[in-house]
Amino acid sequence: MAAPTNMYISSSVTGLRESLLDDVSNVSRVDTQFYSKIGASPEGKPKNYKHEWLTDVVPAAASNAQTEGDSYSASAITAATRLYNTLQIQNRIFSIARSAKQLKGAGGVSTEAYQTALFMKALAGDTEFAALRGVRNDSGARQMRGALNWCTTNIDKASDANLNTDGTITGGADRTLSAELIRNVTQNIFDNSTGNPDTIYIPSNLSKRITDMAGAGNYRQMVEEGKLNTYVNVFATEFNFEFQIKPHKHMPAKTLFMCDHSTWKKATLFPATKKEWGFDSDGDQYVIEQEWTLEARAETCNGRIVNIT
């Protein structure tokens, strides 16, 4: 029923104070799973924007029986492979008007500390994206080659897909992800390296595909009191590899990455550092900047499957 005549209701009050919580809920996910698990380069700081390292292989095992009293004959020595990646400069820039800094904003959104934390998280996301998906560019705005595009030895792609020289994949018909595809790539890793990959990074939709592939949705498993598992989070193969299944926000669609974190290193010229810059406006301006690159110490210890749904 309607309010009585002349009832003074809240919508008529001109002096109501706003109801705004003094808190901010950040709804964005920052994913740095890969970068956080790789170690620093043992060489320390890079000495050039073109950062290089060497890889080598042990000669293949063969029948080795020698004639008594025979003369020695030296084996040919194969030169080590010289690889490089490019240092990439990454930054996030923000500015706050001096007036805004003096006023009290809910949740401290106008403070230097709040915006610094926010843009540091944004830079962390950029860091992970480059580490996984970077396409190398040696000039202009230099860009590193990310782990996915380094991974070219143990790769399973559609027959009509093209593997480009920069490691990217173009074209290719979609295929359904299967246990057989995963097993084939793990066999290649076993045959081609001494790696011990322990993580599978996938986009969220493929995480559900692995559960469906294993038929886990057809049963429930009690893992602890009051908790049921209806998904697969560990995938083991006959080659003694046991993978943790990790959905990853920055994984490209239709791609699965089998990762041995010990074979990747980060070479940092300078870590993320905040500094104040410029005095040409009525405000304070800040830049958070870093320069680093990724070392692919043994890409053969990793695997990639593309063109999958």
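**Exercise 1.** In this predicted model, in which sense do β14 and strand β15 pair, and over how many bridges?

Solution.
- Step 1: Locate the partner strand; β15 covers residues 283-296, while β14 covers residues 264-276.
- Step 2: Read the pairing; β14 and β15 run in the antiparallel sense, over ten bridges.
- Step 3: Check one bridge; T273 has E289 in β15 as its bridge partner.

**Exercise 2.** Find the order of the strands in the open sheet, and state which are the edge strands.

Solution.
- Step 1: Write the order of the four strands, which is β1-β14-β15-β4, with mixed pairing.
- Step 2: Look for strands that pair on one side only; these are β1 (39-40) and β4 (88-97), the edge strands.
- Step 3: Add the helix; α3 (residues 112-133) packs on the sheet and touches β4, β14 and β15. The direction of α3 makes about 160° with that of β4.

**Exercise 3.** Decide whether A267 is buried or exposed, and describe its surroundings.

Solution.
- Step 1: Place the residue; A267 lies in strand β14.
- Step 2: Apply the cut-off; buried means under 20% relative accessible area. A267 has 0% relative accessibility, so it counts as buried.
- Step 3: List its contacts; leaving out residues up to four places away in sequence, A267 touches S41, P46, H51, W292, T293 and E295.
- Step 4: Compare sequence and space; A267 and N85 are 182 residues apart in sequence, and their C-alpha atoms are 9.8 Å apart.

**Exercise 4.** What share of the 309 residues of the chain counts as buried?

Solution.
- Step 1: The share is 36%.
- Step 2: For context, the chain holds six helices and 16 strands.

Terms used: Residues numbered from 1 in each chain as written. Predicted model: local features only at pLDDT ≥ 70, side-chain atom pairs only at ≥ 80, totals over all residues. Heavy atoms only, no water. Helix = DSSP H or I, 4+ residues; strand = E, 2+ residues; numbered from the N terminus. Buried < 20%, exposed > 50% of the residue type's maximum accessible area, 1.4 Å probe, protein only. Contact = heavy atoms within 4.5 Å. Pairing = 2+ DSSP bridges. Axes fitted to C-alpha atoms, helices over the stretch in contact; angles between N-to-C directions.
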